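Here is a short report on the strands, the helices and the pockets of one protein model. Please keep the sequence and the 3D view open while reading.

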Amino acid sequence: MKIALLCIGRTRDQLLEKAIQRYVDRLTHYVGFSIQALPDLKSTARLSEAQQKEREGAMILGALQPGDHVVLLDERGKDLTSRQFSAEIERRMNSGLKRVVYIVGGPYGFSEEVYRRADSMMSLSRMTFSHEMVRLFFVEQVYRAMTIMRGEPYHHD
């Protein structure tokens, strides 16, 4: 199984980018992992919130492949502990899925079309973080999940 993180816009903060890449590099030992950053919308001052979500949603849906299992990273999603997240990934790996795509939306969230396409939603926290920080937190949690599955000493309860 491959895991992909799909997000709107690139990581501009070089410190965060370096930290994200550190965990991506570590993940190659465990699982196929990729981050795909879709381009930021241009000239958004003239667009309503709904129009921005629709345009971003079209880009997101266009980046998905048939058969992808789609999980939205959304504040209204299911709260999981690190061990529960690890068990979810392991269950999906054992189910024969080819690719699981986790998606970070734009500043206003997701369009209704993206919500309809999603197989599930997951929350990383009830707090709000920048989209760049969410990428780092998510990649670290995937790495943590892999070490939990292997019984490695990275995670401590």
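What follows covers strand pairing, one helix, two single residues and two pockets.

This is a predicted model, in which local features need pLDDT of at least 70 and side-chain atom pairs count only at pLDDT 80 or more, while totals for chains, interfaces and linings use all residues. Residues are numbered from 1 along each chain as its sequence is written, and side-chain values use heavy atoms, with hydrogens and water left out.

**Strands and crossovers**

Helices (H or I, at least four residues) and strands (E, at least two) are DSSP runs, numbered from the N terminus. Two strands pair if DSSP finds at least two bridges between them. Strand 1 (residues 2–8) and strand 2 (residues 32–38) run parallel, joined by 7 bridges. Leu6 has Gln36 in strand 2 as its bridge partner. Between these strands the chain passes through helix 1 (residues 14–27), in a right-handed β-α-β crossover. Right-handed means that, with the strands pointing away from the viewer, the path from the first strand over the helix to the second runs clockwise.

Strand 3 pairs in the parallel sense with strand 4 (residues 99–104) over 5 bridges. Here Val71 has Tyr102 in strand 4 as its bridge partner. The chain goes from strand 3 through helix 3 to strand 4, and this β-α-β crossover is right-handed. Strand 3 also pairs with strand 5, in the parallel sense and over 5 bridges. Leu72 is matched with Met121 of strand 5.

**Helix 5**

How far apart are the end C-alpha atoms of helix 5? They are 29 Å apart, which agrees with the 28 Å expected for 20 residues at 1.5 Å a residue. The expected span is 1.5 Å times one less than the number of residues. Of the 20 residues of helix 5, 15 are buried, so the helix is largely enclosed by the rest of the structure. Buried means under 20% relative accessible area, exposed over 50%, and partly exposed in between (1.4 Å probe, protein chains only). Just after helix 5, Gly151 takes a positive phi of about 70°.

**Two serines**

Ser43 lies in the loop between strand 2 and helix 2 (49–63). Ser43 is not a glycine, yet it has a positive phi of about 50°. Ser43 is exposed, with a relative accessible area of 59%. Ser82 belongs to helix 3. Ser82 is buried, at a relative accessible area of 17%.

**Pockets**

A pocket is an open set of points on a 1 Å grid over the protein atoms alone, where a 1.4 Å probe fits, with protein on both sides within 12 Å along at least five of seven lines; lining residues have an atom within 4 Å of a point. Grid points are joined across faces, edges and corners, and a volume is the space filled by probe spheres set on the points.

| Pocket | Volume |
|---|---|
| Largest | about 450 Å³ |
| Second largest | about 250 Å³ |

The second largest pocket is lined by 15 residues, and those closest to its centre are Leu80, Ser82, Leu124, Phe137 and Gln141. Helix 5 gives the most to this lining, with 4 residues.

The largest pocket has 21 lining residues, with Leu73, Asp74, Glu75, Phe129 and His131 nearest its centre. Strand 3 gives the most to the lining of the largest pocket, with 4 residues.
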